[in-house]
Amino acid sequence: MSICDNLLRHDIDIEHACEKVCACTTCHVIVRGGFDSLAGPEEDEEDMLDRAWGLEPQSRLSCQAKVAAADLVIEIPKYSINHAKE
Ligand code: FES
């Protein structure tokens, strides 16, 4: 299951403007713990992630990163770029 789906399942209201198809950056998260347990991003995710506000080395698009065995510590950035809202 993706980080995004997991957050939503636990009533954490993370944006997902493109409905989780890797076409926006609103689901951007910073993985503060357990980052190395995640499989690396595909090229599409990397390309889209470059446009995210507040990009850090542990940034991922939560709709693309799948939770593995380790517990994760997730930070949702203060801002996101949502062209649908602007
Ligand atoms: S919801 Fe748009 S890239 Fe994740």
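**Note on the predicted fold**

1. In the protein chain, residues 24 or more positions apart account for 71% of the contacts with a separation of 6 or more. This is a predicted model, and the points below should be read with that in mind.

2. On overall dimensions, the C-alpha atoms of the protein chain fill a box of roughly 35 × 30 × 20 Å when it is taken along the principal axes. A compact globule with 86 residues would have a radius of gyration near 12 Å, and because the protein chain has 12 Å, the two agree. Of the 86 residues, 22% count as buried.

3. The protein chain contains two helices and three strands, and a reader who follows the sequence meets them in the pattern α-β-α-β-β. The helices are α1, which covers 3–9, and α2, which covers 43–49.

4. In what order do the three strands lie in the sheet? They form an open sheet in the order β2-β1-β3, with antiparallel pairing. Strands β2 (59–61) and β3 (73–75) are the edge strands, each of them pairing on one side only, and the twist from one strand to the next averages 45°.

5. The pairings can be followed residue by residue, starting from strand β1, which spans residues 28–33. Between β1 and β3 there are three bridges in the antiparallel sense; on this side G33 stands opposite V73 in β3, while I30 stands opposite E75 in β3. Between β1 and β2 the pairing is also antiparallel and runs over three bridges, and here H28 has L61 in β2 as its bridge partner.

6. Which residues make up the largest nonpolar core? It has ten residues, namely I3, C4, C27, V29, V31, M48, L61, C63, A65 and I74. The elements that give two or more residues to this core are α1 and β1. As background for a student, nonpolar side chains tend to be buried together in soluble globular proteins.

7. I3, one of the core residues, is a useful place to look at contacts in the structure. When residues up to four places away in sequence are not counted, I3 touches V29, R60, S62, A65, V67, L72 and I74. Among these partners, V29, A65 and I74 are also listed in the largest nonpolar core.

8. Two residues in the loop between α1 and β1 deserve a careful look at their backbone angles, given that most residues other than glycine have a negative phi. E19 lies in that loop and has a phi near 60°, a positive value in a residue other than glycine. C22 has its place in the loop between α1 and β1 as well, and its phi, near 65°, is likewise positive in a residue other than glycine.

9. Are these two residues, E19 and C22, exposed or partly exposed? E19 counts as exposed because it has 8 C-beta neighbours inside 10 Å, and the cut-off for that class is 12 or fewer. C22 counts as partly exposed because it has 17 C-beta neighbours inside 10 Å, which falls between that cut-off and the 20 or more needed for a buried residue.

10. Q58 lies in the loop between α2 and β2, and it is partly exposed, with 17 other C-beta atoms within 10 Å. Leaving out residues up to four places away in sequence, Q58 touches I30, V31, R32 and F35; I30, V31 and R32 fall within the range of β1, residues 28–33. The C-alpha atoms of Q58 and M1 are separated by 19 Å, and these two residues are 57 residues apart along the chain.

11. N82 lies in the segment after β3, and it is partly exposed, with 14 other C-beta atoms within 10 Å. Which residues is N82 in contact with, leaving aside its neighbours within four places in sequence? The contacts of N82 are with E15, A17 and T26. For the pair N82 and E15, the separation is 67 residues in sequence, and the distance in space is 8.9 Å from C-alpha to C-alpha.

Conventions
Residues are numbered from 1 along each chain as its sequence is written. This is a predicted model: local features need pLDDT of at least 70, side-chain atom pairs count only at pLDDT 80 or more; totals for chains, interfaces and linings use all residues. Helices (H or I, at least four residues) and strands (E, at least two) are DSSP runs, numbered from the N terminus. The radius of gyration is taken over C-alpha atoms; the globule rule is 2.2 Å times the number of residues to the power 0.38. Two residues are in contact if their C-beta atoms, placed from the backbone, lie within 7 Å. Two strands pair if DSSP finds at least two bridges between them. Axes are lines fitted to C-alpha atoms, for helices over the stretch in contact, and angles run from 0 to 180 degrees between N-to-C directions. A nonpolar core is a set of buried Ala, Val, Leu, Ile, Met, Phe, Trp, Tyr and Cys residues joined through C-beta atoms within 7 Å.
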